[in-house]
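Me: I'd like to go through a fold with you, one question at a time. Could you take a look and reason aloud as we go?

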Amino acid sequence: MSAMEVRRTTAKVGILAIAVAALMLCVTPTSRSRTEALPQRLDDRTFWTLVTEFSEPNGFFRSDNLVSNEMVFQYVIPTLQQTVLPASAYIGVGPDQNFTYIAALTPRIAFIVDIRRQNMLLHLMYKALIEMSPTREAFLSRLFSRPIPANTPPGASARALLTAFESMEPDGVAFERNRAEIYARLQHHHGFSLSRTDLAGIDSVYRAFYSAGPDIRYSVGRSTGWQPFPTYTDLMTADDGHGVQRGYLASEEIYQTLRDLQERNLIVPLVGDFAGPKALRSVARYLGLHHATVSVFYTSNVEQYLFGGRPRGEAWQRFYANVAALPTDARSTFIRAFFNSQGRFMFRGQVQPDPQPGVVPIPPAIVPPPGGPGPRSETLLNPIAILLAAFAEGRIASYYDVIELSRLP
């Protein structure tokens with residue numbers, strides 16, 4: 001037997017030994033107990049263990065990001081409902097736009113991973129408010145600490161509801177009562193261990209909703225040449241581009257779908273950097289042990305910051321390595337938001353402002369031509385398998401390679 005044949009035989013024996021060992025692990029009682037299907041409900045202790053054990057240290061982002069700044073994020077929902085259902089697991093980032101995707105796709109479990117601990121606290125606030133509110137009117141009343149308007153019919157549209165709430169004055173007594181009920185729901189009903197700093201964080205975000213009401217925004221940009229970000233009302237009354245409103249307050253049925261998932265502890269907010277060593281890797285292990293795959297990964301425009309960070313190149317490569325560790329299949333899909341001029345409308349014919357530090361500038365070819373206001377953003381879909389193949393083959397070198405990959409048919 002030649003040396004080459006010996007090596008081949010040895011390799012086959014090694015592979016066979018690994019396969020046998022894996023098979024033996026699969027039939028042990030311990031392995032069976034650790035590879036159960038996803039539960040229909042997470043008990044409070046398990047939910048909080050996932051939040052605390054999977055999370056990373058608090059990170060920094062320059063905005064509070066209390067609501068979305070994406071107006072067209074619903075446009076991809078009809079396509080997703082045709083291509084990824086039934087959905088297994090959902091991963092997202094940012095505030096409550098995730099609720100619209102989750103309610104539309106009804107995944108078996110959802111993880112919201114954001115670098116800011118404040119975002120996790122925001123989601124805990126939402127969790128408490130949604131669980132305590134049996135209707136959309138009750139939810140909006142608690143969210144903004146305003147009385148429920150009189151004579152709102154049960155089937156009122158989101159616009160009718162929010163227009164009615166805009167006319168109501170905030171109630172300071174209701175705010176204090178609601179805040180105490182949020183704390184009690186999280187700490188006593190669920191048994192979540194929240195520090196004084198955490199409670200102060202929840203107070204901060206809840207006070208912002210109380211102060212601004214339905215006019216609350218991601219941020220405010222009113223200088224010359226810039227348009228303000230959309231309000232909560234704008235976001236909740238947006239549609240899918242075909243006249244169908246799919247927001248989580250569009251109907252009682254959609255809201256109840258979201259509320260059911262919250263009550264079963266199946267929307268799990270985590271603190272984590274997409275390029276970090278723990279959060280996404282922990283989600284990957286959890287889903288693998290429970291025979292689940294990632295059906296949808298909503299990244300917003302986080303990749304833009306990963307490509308623009310320092311040292312250049314390392315963050316986005318770590319992120320795609322984390323994605324490669326996630327259990328996926330041929331249907332698994334990225335949802336991306338691509339922003340024109342860092343998320344604000346640009347008036348055509350004006351000079352584009354200098355990019356902010358750490359953000360990849362938009363190339364001139366994508367700047368809208370003179371003649372009118374350009375779009376704020378677009379929402380793109382990209383099969384995860386296609387991205388990972390391009391990454392493995394060295395075809396990804398910039399954020400715009402990712403965007404162009406998302407535009408392929």
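Reply: Happy to; what follows is a short set of questions and answers on this predicted model.

Me: Let's start with strand 2: is it largely enclosed or not enclosed by the rest of the structure, and why?

Reply: Take the two faces of strand 2 in turn. On one side I109, F111 and V113 are buried, and on the other A110, I112 and D114 are buried too. Buried here means under 20% relative accessible area. Since six of the six residues in 109-114 meet that description, strand 2 is largely enclosed.

Me: Which strands pair with strand 2 in the parallel sense?

Reply: Strand 1 (residues 89-92) pairs with strand 2 in the parallel sense through four bridges, and I91 has F111 as its bridge partner there. Strand 3 (residues 267-271) also pairs with strand 2 in the parallel sense, over five bridges. In strand 3, V268 is the bridge partner of F111, and P269 is that of I112. The partners are therefore strand 1 and strand 3, given that two strands pair if DSSP finds at least two bridges between them.

Me: What is the handedness of the β-α-β unit that includes strand 2?

Reply: The unit is made of strand 1, helix 5 (residues 97-105) and strand 2. Its handedness is right-handed.

Me: Which strands are the edge strands of the open sheet?

Reply: The sheet has six strands in the order 3-2-1-4-5-6, with mixed pairing. An edge strand pairs on one side only, and that picks out strand 3 and strand 6 (377-383).

Me: By how many degrees are neighbouring strands of this sheet turned against each other on average?

Reply: Direction is ignored for this value. The average turn between neighbouring strands is 15°.

Me: What angle does helix 16 make with strand 6?

Reply: Helix 16 (residues 384-392) packs on the sheet and touches strand 4 (294-300), strand 5 (333-339) and strand 6. Comparing its direction with that of strand 6 gives about 80°.

Me: Now for empty space inside: what is the volume of the largest cavity?

Reply: There is one cavity of 30 Å³ or more to consider. The volume of the largest cavity is about 40 Å³.

Me: Which element gives the largest share of the lining of that cavity?

Reply: The lining consists of I112, H123, L124, K127, Q262, I267 and P269. Two or more of these residues come from each of helix 6 (117-132) and strand 3. The largest share, three residues, belongs to helix 6.

Terms used:
Residues numbered from 1 in each chain as written. Predicted model: local features only at pLDDT ≥ 70, side-chain atom pairs only at ≥ 80, totals over all residues. Heavy atoms only, no water. Buried < 20%, exposed > 50% of the residue type's maximum accessible area, 1.4 Å probe, protein only. Right-handed = clockwise from strand over helix to strand, strands pointing away. Axes fitted to C-alpha atoms, helices over the stretch in contact; angles between N-to-C directions. Contact = heavy atoms within 4.5 Å. 1 Å grid on protein atoms, 1.4 Å probe; cavity = no way out; pocket = protein on both sides within 12 Å on 5 of 7 lines; lining within 4 Å. Points joined across faces, edges and corners; volume = space filled by probe spheres on them.
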